[in-house]
Amino acid sequence: SYTTDTKSREENKNTLENLYSLSVDITKIRRLKEWVLLQDVAYIKEIAGILQEMGADETTVANIIERCPEAILHTPAEINSQRTLWQLVCQNEKQLIKLIEQFPESFFTTKYQENQKGNILFFQELGLMNNIIIRFLTSAPNIFYNPVEKNKNVIETLQRNYLNLGGSEANMKIWILKLLSQNPFILLNTSTAIEDNLEFLQKNDFTDQEVLQLLSKLKGFIFQLHSTTMQKSMLFSKNIFKCSDQELKQLVLKCPALLYYSVPVLEERLEGLLREGISIAQIRETPMVLELTTQIVQYRIKKLSALGYDIKSGNLESLNGTKKDFEVTYGKIQSKKERPIFNPAAPLHIED
């Protein structure tokens, strides 16, 4: 809604003076969003005043405007409404100003205030904790731009399918809240996409219980996939591992990444493992290793090799897991290597 033609217009002198008075680094704004400086109207003093009322010092105000220059183009009424809205989930204004400094663009998107309010109240009603709603507001703000009815519709579709797949009424709320917490972007899907993907899994002979298991393991990301992509990925895995439909199904349940990642991604990761001297048989035994990027695999193999651990002759379990999981595994292998074979001073344990 703002003019972005920079050639024929000059920077607003009044805007520049007001920004200078707040110690804002104007070169940053010129580099990021120069068009803001060309607008006829800006509410610099007013927006700074509101932020200061909330407890922001001069440095914080300057930092917020530098990171999100379009903040100064919003009217004080819009920003006060947004302030009231975010206070529905914030403990106090100290927390609110901290969030605005970290995520200014999320806060200064005022276009969908009615939808934002409706969705905040809906999520609270659903049982989501305020700190989770705050995480959504800052890291997935576009789910609040949907009309609340659209989000309700997606949640109802998930609830209905959960029960149809044999999930219990007692566990449904926990399941939905966990799924949402792990992947709020699930709300950007349509109800039809959700139904289609569940149907795809059932057509591929996954039992209702197995479909539920996959939904939980994939944290709802399955709804962001397309049945054609999943079909291609499964066919690729079947050919690579030379397995039957039943064996493939077990591999997918063990490692849902075989369903989630596209063929080019799986190919690249597989080639990376083969280059390290790892066999297809080893990968088939521990397919979860395909969840890791080639760079992570190379780094972990290098660290284990330095301890004299030969990945080619062992299983791949030691490569798996999160960074924290790997560090625990690595620590165990390291301490085993460093431990003396026999310590005459130590008490003798027969089991050892």
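**Voids and helix contacts**

The lining of the largest pocket has 8 nonpolar, 3 polar and 5 charged residues by class. The model is predicted. This pocket has a volume of about 450 Å³. The structure also holds 1 cavity of 30 Å³ or more. Two helix contacts, α12 with α13 and α1 with α2, complete the briefing.

**Largest pocket**

- In total, 16 residues line the largest pocket.
- Which of them lie nearest its centre? They are Lys217, Lys219, Ala257, Tyr261 and Glu291.
- Among these, Lys217, Lys219 and Glu291 are charged, because Lys and Glu belong to that class.
- Ala257 and Tyr261 count as nonpolar, because Ala and Tyr belong to that class.

**Largest cavity**

- The space in the largest cavity comes to about 40 Å³.
- Its lining consists of Phe236, Ser237, Ile240, Phe241, Leu258, Leu266, Leu270 and Leu290.
- Two elements, α14 (227-241) and α17 (263-275), give two or more residues each to this lining.
- Which element gives the most? It is α14, with 4 residues.
- Phe236, Ser237, Ile240 and Phe241 fall in the α14 range.
- Leu266 and Leu270 fall in the α17 range.
- By class, the cavity lining has 7 nonpolar residues, 1 polar residue and no charged residues.
- Ser237 is the polar one, because Ser is in neither the nonpolar nor the charged class.

**Helices α12 and α13**

- Helix α12 covers residues 191-203, and helix α13 covers residues 208-217.
- Their axes come within 10 Å and cross at roughly 130°.
- That angle makes α12 oblique to α13.
- The crossing of α12 past α13 is right-handed.
- On the α12 side, Leu198, Leu201 and Gln202 make the contact.
- On the α13 side, Asp208, Val211, Leu214 and Leu215 take part.
- By class, this contact has 5 nonpolar, 1 polar and 1 charged residues.
- Gln202 is the polar member and Asp208 the charged one, because Asp is in the charged class and Gln is in neither the charged nor the nonpolar class.

**Helices α1 and α2**

- Helix α1 runs over residues 13-21, and helix α2 over residues 26-33.
- At what angle do the axes of α1 and α2 cross? The value is roughly 130°, and the axes come within 10 Å.
- The two helices are therefore oblique to each other.
- Leu16, Leu19 and Tyr20 of α1 meet Ile26, Ile29 and Arg30 of α2.
- The contact of α1 with α2 divides into 5 nonpolar, no polar and 1 charged residues.
- Arg30 is the charged residue here, because Arg belongs to the charged class.

Key. Residues numbered from 1 in each chain as written. Predicted model: local features only at pLDDT ≥ 70, side-chain atom pairs only at ≥ 80, totals over all residues. Heavy atoms only, no water. 1 Å grid on protein atoms, 1.4 Å probe; cavity = no way out; pocket = protein on both sides within 12 Å on 5 of 7 lines; lining within 4 Å. Points joined across faces, edges and corners; volume = space filled by probe spheres on them. Axes fitted to C-alpha atoms, helices over the stretch in contact; angles between N-to-C directions. Parallel < 35°, antiparallel > 145°, perpendicular 65-115°, else oblique. Left-handed = near helix turned anticlockwise from the far one by under 90°. Contact = heavy atoms within 4.5 Å.
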